[in-house]
Amino acid sequence: MLNEQLRRTIEQMPKAELHIHIEGSLEPELIFALAQRNGVSLPYPSVEALRQAYAFTDLQSFLDIYYAGASVLLAEQDFYDMTAAYLARAARDNVRHAEIFFDPQTHTARGVPFETVVNGIWRACQDGPISASLIMCFLRHLSEDEALATLDESLPHRDKILGVGLDSSEVGHPPEKFARVFERARQLGLRLVAHAGEEGPPAYIESALDVLNVERIDHGVRCLESPELVERLVREQMALTVCPLSNVKLRVFDVMGSHNLRTLLDKGLVATVNSDDPAYFGGYMNDNFIAAFDALPLDATHARQLARNSFSAAFLGPEQKRAYLAEVDDFFAARQGS
Ligand code: ADE
Ligand code: ZN
């Protein structure tokens with residue numbers, strides 16, 4: 001349960017965000033502003049009507065609306081504005097570092113050049129108030145050949161991209177479908193992550209590890225269905241980027257009180273808290289922490305662990321990691337003394 005002191009601690013503690021789809025940070029107001037700027041007509045008469053449509057029953061029902069919302073992004077400045085808005089918002093939640101997903105295929109399929117997408121997002125990261133890097137996601141409902149073509153297209157921008165990921169409709173599109181493209185990305189020195197065990201079974205988490213060689217699992221909450229997998233994830237200290245509000249909105253859990261975040265931590269898993277698609281799921285980083293801590297038996301010890309996990313699991317150099325972890329430890333030491 002959350003008291004005022006714990007709320008302030010959660011809000012003020014330094015943290016990293018490792019699971020944010022930048023297209024999922026497009027607020028309805030910005031969707032309408034960009035639609036007007038670009039002369040795009042939307043199937044919703046107003047911001048309120050669009051917001052009302054955010055009543056999801058599962059991942060696919062969300063993705064349909066999310067891809068429709070992204071259709072207003074056409075010019076480099078649109079991608080810049082979207083990213084700048086996210087970074088400013090994340091900074092207010094005391095996010096110090098963000099590793100940001102983007103979905104180039106959502107845009108190149110509409111005729112928007114790859115360079116327009118990556119340059120807009122990247123430039124905003126350069127100008128932003130916090131440290132940020134980019135993870136390019138392949139859409140798993142498309143073919144591996146299309147993913148390979150996207151990886152090729154990204155090569156002139158290799159310096160702007162830290163890693164690759166795998167997102168979109170999970171069930172029916174197992175990680176092994178993307179074995180070759182992840183191997184190619186690994187050879188290029190890109191960091192590797194994949195969504196697995198959000199709606200899909202524990203076997204998808206295993207194949208993300210064994211076939212794709214990922215270094216973090218996005219979501220992964222269904223791992224608890226396999227004790228052997230949990231034991232392995234703990235042994236390998238494999239981080240899970242958990243997204244509490246997303247999981248409730250997409251009915252992975254009925255209510256926040258049934259979320260398994262506390263159990264994941266109790267088992268020694270390197271769980272982190274993230275916002276996924278904050279404009280669609282009802283909140284940014286601190287909203288996710290507050291909703292989870294309000295509904296679950298989590299206290300300041302867990303808050304510290306989650307803040308430490310977020311930096312331990314980040315793709316940062318050892319020096320940067322040490323500095324951020326020291327910042328977390330100093331923050332909690334000062335709080336104890338007060
Ligand atoms: N794309 C954006 N958000 C996603 C999620 N939670 N799962 C899969 N694909 C996504
Ligand atoms: Zn996601």
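What follows is a chat about the fold, the cores, two helix pairs and a few single residues of a predicted model.

Me: How many helices and strands does the protein have?
Reply: Let's start with the overall frame. The C-alpha atoms fill a box of roughly 55 × 40 × 40 Å along the principal axes. Within the protein, the secondary structure comes to 17 helices and 8 strands.

Me: Why is the protein as compact as a globular protein of that length?
Reply: Take the globule rule as the yardstick: for 338 residues it gives 20 Å. The model's value is close to that, so the protein is as compact as a globular protein of that length, with a radius of gyration of 19 Å.

Me: What percentage of contacts between residues at least 6 apart in sequence join residues at least 24 apart?
Reply: Some background on burial helps here: buried residues make up 56% of the 338 residues. As for the contacts between residues at least 6 apart in sequence, the share that joins residues at least 24 apart is 77%.

Me: Which residues have the most contacts inside the largest nonpolar core?
Reply: That core has 110 residues. Its largest share comes from helix α4 (residues 59–69), with 6 residues. A second, separate core has 5 residues, among them Phe101 and Ile135. Back in the largest core, the residues with the most contacts are Phe182 and Tyr280.

Me: Which residues does Phe182 touch, leaving out those up to four places away in sequence?
Reply: Phe182 is one of the two residues with the most contacts inside the largest core. With residues up to four places away left out, Phe182 touches Phe138, Val164, Gly165, Leu166, Leu192, Val193, Leu212 and Val214.

Me: How far apart are the axes of α10 and α11?
Reply: In general, two packed helices are described by the angle between their axes and the distance between the axes. Here, α10 (residues 202–210) passes α11 (residues 227–235) in a left-handed crossing. The angle is about 35°, and the axes are 10 Å apart.

Me: How many nonpolar, polar and charged residues are in the contact of α10 with α11?
Reply: From α10 come Pro202, Ile205, Glu206, Leu209 and Asp210, which meet Leu229, Arg232 and Leu233 in α11. Sorted by class, that contact divides into 5 nonpolar, no polar and 3 charged.

Me: What do the buried residues of α10 pack against?
Reply: The buried residues in question are Pro202, Tyr204, Ile205, Ser207, Ala208 and Leu209. Their packing partners are β5 (191–196), β6 and α11.

Me: Is Ser226 buried or exposed?
Reply: Ser226 sits in the loop between β6 (216–219) and α11. Beyond its neighbours within four places in sequence, Ser226 is in contact with Pro202 and Glu206. Its relative accessible area is 9% and the cut-off for burial is under 20%, so Ser226 is buried.

Me: How do α5 and α7 divide by class in their contact?
Reply: First the geometry: the axes of α5 (residues 76–92) and α7 come within 7 Å and cross at roughly 35°. This is a right-handed crossing. The contact includes Phe79, Tyr80 and Leu87 of α5 and Val117, Ile121 and Arg123 of α7. By class, the contact has 8 nonpolar, 5 polar and 3 charged residues.

Me: What separates the C-alpha atoms of Arg110 and Ser71?
Reply: Arg110 lies in the loop between α6 (104–108) and α7 (114–127). Setting aside neighbours within four places in sequence, Arg110 is in contact with Ala70, Ser71, Leu73 and Leu74. Arg110 and Ser71 are 39 residues apart along the chain, and their C-alpha atoms are separated by 7.9 Å.

Me: What is the phi of Gln237?
Reply: Gln237 is in the loop between α11 and β7 (239–242), and is partly exposed at a relative accessible area of 46%. Although Gln237 is not a glycine, its phi is positive, at about 50°.

Me: What is the relative accessible area of Pro278?
Reply: Pro278 belongs to helix α14 (residues 278–281). Residues up to four places away in sequence aside, Pro278 touches Ile20, Gly24, Ser25, Gly283 and Tyr284. Pro278 is buried, with a relative accessible area of 3%.

Conventions
Residues numbered from 1 in each chain as written. Chains lettered and ligands numbered in written order. Predicted model: local features only at pLDDT ≥ 70, side-chain atom pairs only at ≥ 80, totals over all residues. Heavy atoms only, no water. Axes fitted to C-alpha atoms, helices over the stretch in contact; angles between N-to-C directions. Helix = DSSP H or I, 4+ residues; strand = E, 2+ residues; numbered from the N terminus. Left-handed = near helix turned anticlockwise from the far one by under 90°. Contact = heavy atoms within 4.5 Å. Nonpolar A, V, L, I, M, F, W, Y, C, P; charged D, E, K, R; others polar. Core = buried A, V, L, I, M, F, W, Y, C linked by side-chain atoms within 4.5 Å. Buried < 20%, exposed > 50% of the residue type's maximum accessible area, 1.4 Å probe, protein only. Rg over C-alpha atoms; globule rule 2.2 N^0.38 Å.
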